[in-house]
Every structure is written in structure tokens, then in C-alpha cells.
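Me: I would like to go through the labels attached to this model one at a time, asking what each rests on. Please set every value against the cut-off that defines its label.

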Amino acid sequence: PDLACLRLSPAQNHTAMVWASLLVFALLTSSATGLPTVQSPPPPQPPFECPPLVPSPSVPENVHQLRFADVRVSMALGDSMTAAFAAKSHFVLDGLREYRGLAYCTGGDEGEYTIPNFLEHTTGRRLPGVSVGESIPFDAIEWNKHIIRPHNPPKDHLDAAQSQAKVQDVLRDQVDYLVQQLNATEGIDFNNDWKMLTILIGANNAGGSCRNTSYSHPDYYEDQLRQVLDKVHADIPRVWVNLLTMFNVSQLWDRVWSKDVYCRDFHEVFKTEFGCVNTGEAGRKILDETLMEYNVRMRSIAQDWATKNLTEFHVQVQPALEDMVVLDRMFVSELDCLHPSNYAHAAWAIALWNNLQQAPGSKTKTLDWDMKIMCPTNDTLIQ
């Protein structure tokens, strides 16, 4: 095919150019000071030693009586963070990969710290539809007005997240994909199984806030997210929704990019979706204010759902990442100094697991990288 025809849709920023530019960047950064710094191995995560759990004596009829062993499915909507883009990449030329098998909320690769693996450890039952392995992110590239491959079911399974997705993409593409996969995956009772859905979305919307793009406005974000949840409620029965709040992205400049030649040059060359981080203090302030306003809107949305008193659908804000501090390069991808690393995915899984056991109003918002793993009992209700 004629590579000149390979182009991005307006909603997908620069990914096709990355493919053509990676080799050039590798050559430009081939000096000793320009190569990415290979970090020392991160400290080991605390051992996961939670005791076995058994399901409720009968399948709960009310979402507010859901225990950990009652969850039969773990699925996700979101962007490249939940697709685990570049989580294990070390250099430019090996970087275009999504490592969904280690994604914090859907991954099923052996030995990874993920919500499905935690559930498998405690119940002795592997959840159907966990994401596995690694793949090239064709979900972010358009060819002749069509995404080359919006999803890769043999790898993605029930991780519907797409690299570079914005909240409007979740509404347009991802929920329908989940419905298809839930019906197609062996071992899932679509109508009766309780499903846990984790949503982390908004970073790519906020990425245009310093340029005042229409899709970054909090009103637009709120409207689209409300429609996403309406669609999930209408199309998928028996769902507990974890709505993860956003964290301060501009800290990447102070804590990582400004201190590392490779990181700074990478984002100068590729002009990623987080260009606002590179636009100076004013742009970074706008970015963070936008993300914090998204969090306000999420809490408003969750409260509105709570007033409905539904028995088979619940939206719960989980603030595990909200006040997270990125300490250094260990916590971000070696490729782009932006996406969460494998170590960060493991920490996110622990933080979300702990949030699920904490009462609303008492949930941890500050991600402690040395946090202890909380263990539920057979009487612990998901919160």
C-alpha cells in the first residue's frame, strides 16, 4: 500500500507520524546523553498473601451486597493508560506496544499484579476475558477513514481501552465492543454474572485544554461521560462501575521531563497529546485545573446515579490515583516518560484493590508507592 495514504483522523494526534519518525529520533538521540536512562529494577511489590474467599451462598440480587468472590468479570473502558501502552518498553525502537496482559484492572498475565489476578488468587477461579500479552496499537491509526483495527480481541478481550482515546471515543466505540465480547466469551453468563467495570478516561481530552479545544471543556467531558454510563446501564446487566478520578499530570515536567534530556527531547519531537505540559507554567496550570474539574464532574455524576437507588447498577468514584505523586523515572515508561510503567500498573492495582474495601468518604487518595495490600474477608462488601 501507498504509505502516503496513511493519515490520522482529527481525533487521533500524530500516532501515524510516530511510526515514520521513530528511527529518525533514535538516530538523533544516539549520543550517550540522549539515550533513555535504563532504571535500576524497582523495589519488589509487597507479597500478595490474601486468604481464600468463597462466593455468597446465593448470587446477590443487589449490587450493594456484592462481595469480592461474587465478581465474575473484570472489564475496562479508557485510553492508552488502561491499554498499558509502553509499560514495558525500554527504547524507542521497541516501544510501539500495548502490554494489556499487565494492565492494572484487566490483565491476566501470570505473575502480574492486577485486579483479575488478585481475584484469581483469592477465589481459585480465573476470570474469563482477561487481557493477555502484548500487541501493536493499531487501535490508534486510521487508514482510508477507518481505524486499522479498533480492537484485537485475542489480546484485548474485555479491555476495551484504546490508545489515544478521548471520552467521546469511549461512547462511540468501546461500549459496543464490550457488549460483543461479553456475549462471545466462553464462561460468561451475560445476564446473570456480576461484572466490574473500571473507567479511567479524560487525559487526552484535557491534553488540549491549554489550546481551548472544544473537547477539553469540562461541560463537554461531563456530557459525554454521562452518555457513556447511560449506554453501559442500558446495554450491560449487573455492573459495578469504578470511576477513577484523574491525577496531576503537569508534575511530569517538574519531576521527570525537565531533569532528563531524553524525556524532554522526546516530547519536543513527537508533540504528544500532553503538549500542554511543555507550554510553560501557564499551560500546565490550565491542564491541571481542567483535570481537577473533571474530578468534580465525576463526583456529581456518581451522586446522581446514587439517587436512583438501582439494585443492578452502581457508579462508585475511586480516588486511588487522584493525589498520586510521580517520584521519578521508575514510575513512567522508559519509552515516552509519560505512560505508567509496569511497576506503576502494579501499584495502581494495589491502590484500586484497597479502594474497593474502603468506605466512601474514607477512601485513600494519595498513592503510597510502599502501600500495604489490604485483604478482604468473606464478609467484606465491595465499596
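**Labels and cut-offs**

Me: Why is Q164 called buried?
Reply: Q164 has a relative accessible area of 12%, and buried means under 20%, exposed over 50% and partly exposed in between, with a 1.4 Å probe and protein chains only; Q164 therefore falls in the buried class. The areas themselves come from the Shrake-Rupley method with a 1.4 Å probe, and for residues only the protein chains shown count as cover.

Me: What should I keep in mind about the origin of these values?
Reply: This is a predicted model, in which local features need pLDDT of at least 70 and side-chain atom pairs count only at pLDDT 80 or more, whereas totals for chains, interfaces and linings use all residues. Residues are numbered from 1 along each chain as its sequence is written, and side-chain values use heavy atoms, with hydrogens and water left out.

Me: What makes the backbone at Q164 worth a remark, and where does Q164 lie?
Reply: Q164 is not a glycine, and yet its phi is positive, at about 75°. Its place is in the loop between α3 (153–156) and α4 (167–184), where helices (H or I, at least four residues) and strands (E, at least two) are DSSP runs numbered from the N terminus. A86, likewise not a glycine, has a positive phi of about 60°, and A86 lies in the loop between β1 (71–78) and α2 (115–123). At 0% relative accessibility, A86 belongs to the buried class.

Me: How do you know that C50 and C375 form a disulfide?
Reply: A disulfide is a pair of cysteine sulfur atoms within 2.5 Å, and the sulfur atoms of C50 and C375 are 2.1 Å apart, so the pair qualifies. The link joins distant parts of the chain, with C50 in the loop between α1 (15–28) and β1 and C375 in the segment after α10, 325 residues apart. The torsion about this S-S bond is about -85°, so the disulfide is left-handed. C50 has 4% relative accessibility and is buried, while C375, at 35%, counts as partly exposed.

Me: Why is the link of C210 and C276 called left-handed, and what does the pair tie together?
Reply: C210 and C276 are joined by a disulfide with an S to S distance of 2.1 Å, and the torsion about their S-S bond is about -90°, so it is left-handed. C210 lies in the loop between α5 and α6 (218–235) and C276 in the loop between α8 (261–270) and α9 (281–306), so the pair ties together parts that are 66 residues apart in sequence. C210 has a relative accessible area of 25% and is partly exposed, whereas C276, at 0%, is buried.

Me: How many disulfides does the structure hold, and what is their pairing?
Reply: There are three disulfides, and with the bonded cysteines numbered in sequence order the pairing reads 1-6, 2-4, 3-5. One of them is formed by C263 and C337, with sulfur atoms 2.0 Å apart, and it is left-handed, with -80° about the S-S bond. This pair also links distant parts of the chain, C263 being in helix α8 and C337 in the loop between β6 (313–318) and α10, 74 residues apart. Both C263 and C337 are buried.

Me: What makes an empty region count as a cavity here, and how many are there?
Reply: On a 1 Å grid over the protein atoms alone, a cavity is a set of points where a 1.4 Å probe fits but cannot get out, and lining residues have an atom within 4 Å of a point. Grid points are joined across faces, edges and corners, and a volume is the space filled by probe spheres set on the points. By this rule there are four cavities of 30 Å³ or more. The second largest has a volume of about 170 Å³.

Me: Which residues line the second largest cavity, and how do they divide by character?
Reply: Its lining comprises 22 residues, with M81, F247, L338, H339 and P340 nearest its centre. Helices α5 (203–206), α7 (251–255) and α10 (342–355) each contribute at least two lining residues. The lining divides into 15 nonpolar, five polar and two charged residues, where Ala, Val, Leu, Ile, Met, Phe, Trp, Tyr, Cys and Pro count as nonpolar, Asp, Glu, Lys and Arg as charged, and the others, Gly among them, as polar.

Me: What are the totals for the chain as a whole?
Reply: The chain has 10 helices and six strands, and buried residues make up 57% of its 383 residues.

Conventions
On a 1 Å grid over the protein atoms alone, a cavity is a set of points where a 1.4 Å probe fits but cannot get out, and a pocket is an open set with protein on both sides within 12 Å along at least five of seven lines; lining residues have an atom within 4 Å of a point.
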